[in-house]
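Dear colleague,

Please find the structure below, handed over for your records. My findings come after it.

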Amino acid sequence: MTQERAVRTREQVLDAAAEEFAAHGYLGTTLLDVIRHTGMTKGALYGHFSSKEELAAALIEEAGGELSRRAARAGEPDTAAARALRETVLDLARHLRQDTRARSALRLAVESPHLDRHDLGLVRRICLSLADAVSKAQAGDASTGGYPPEAVARLLVSVFFGVPHPVPDDDADAARQFDGLWAAVSGPPKDGWAAAGRQER
């Protein structure tokens with residue numbers, strides 16, 4: 001019974017923290033906000049999470065992991081690639097709309113990427129999965145080929161999930177990203193721009 005109670009308490013803390021982080025972001029949320037939200041004592045919360053950083057990292061790892069797994073379905077074999085990509089993006093959008101933990105994990109990953117314990121950040125993992133699906137969809141439809149897959153994936157993530165992407169590290173990286181994104185929205189791809197997009201992968 002004690003272990004079950006501990007699990008329930010941890011879940012309550014995560015739910016409360018998710019609502020606070022989703023609404024106010026990492027910097028706008030304090031542990032005191034979470035404690036007030038749960039109605040628990042400080043001791044009850046600290047029994048599970050020793051800091052705001054640990055709490056946020058747990059949400060990114062657990063709820064973000066679910067987002068990553070859902071994004072990866074776009075590249076599953078034996079599925080029509082374009083349909084799989086569409087269904088995956090719509091599934092992610094629905095999941096984010098319905099699941100506060102998922103929304104908080106994504107916001108935290110964007111605002112505080114240093115808390116993500118994964119080698120690749122959450123947004124990057126989602127984009128790579130979608131880029132792989134874009135590439136497969138292009139291979140099956142010559143009319144869509146040539147657009148930089150990762151640029152298309154970034155656009156999908158920005159448009160559907162409202163996710164801003166990090167500022168490029170330098171001018172060359174910024175130029176490659178601009179060329180790739182421009183190629184993805186400006187009509188038939190041009191060889192130079194398509195090549196620039198491929199270099200991003």
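The notes below go from the whole chain to individual helices.

This is a predicted model, in which local features need pLDDT of at least 70, side-chain atom pairs count only at pLDDT 80 or more, and totals for chains, interfaces and linings use all residues. Residues are numbered from 1 along each chain as its sequence is written, and side-chain values use heavy atoms, with hydrogens and water left out.

The chain contains ten helices and zero strands (DSSP runs, H or I of at least four residues for helices and E of at least two for strands, numbered from the N terminus). Of its 201 residues, 43% are buried (under 20% relative accessible area, 1.4 Å probe, protein chains only). Among contacts (heavy atoms within 4.5 Å) with a separation of 6 or more, 66% join residues 24 or more positions apart.

Helix α5 covers residues 81-98. Its 18 residues should span 26 Å at 1.5 Å a residue (taken times one less than the number of residues), and the end C-alpha atoms are 26 Å apart, which agrees. Buried positions in α5 include Leu85, Val89, Asp91 and His95; the buried residues of this helix pack against α4, α6 (100-111), α7 and α8 (149-161).

Helices α4 (residues 52-72) and α7 (residues 122-139) have axes that come within 8 Å and cross at roughly 10° (lines fitted to C-alpha atoms over the stretch in contact, with angles from 0 to 180 degrees between N-to-C directions). The two are therefore roughly parallel (angles under 35 degrees). In this pairing, Gly64, Leu67, Ser68, Ala71 and Ala72 of α4 meet Leu122, Arg125, Ile126, Ser129 and Leu130 of α7.

With kind regards

Definitions and conventions
Angles under 35 degrees count as roughly parallel, over 145 as roughly antiparallel, 65 to 115 as roughly perpendicular and the rest as oblique. Buried means under 20% relative accessible area, exposed over 50%, partly exposed in between (1.4 Å probe, protein chains only).
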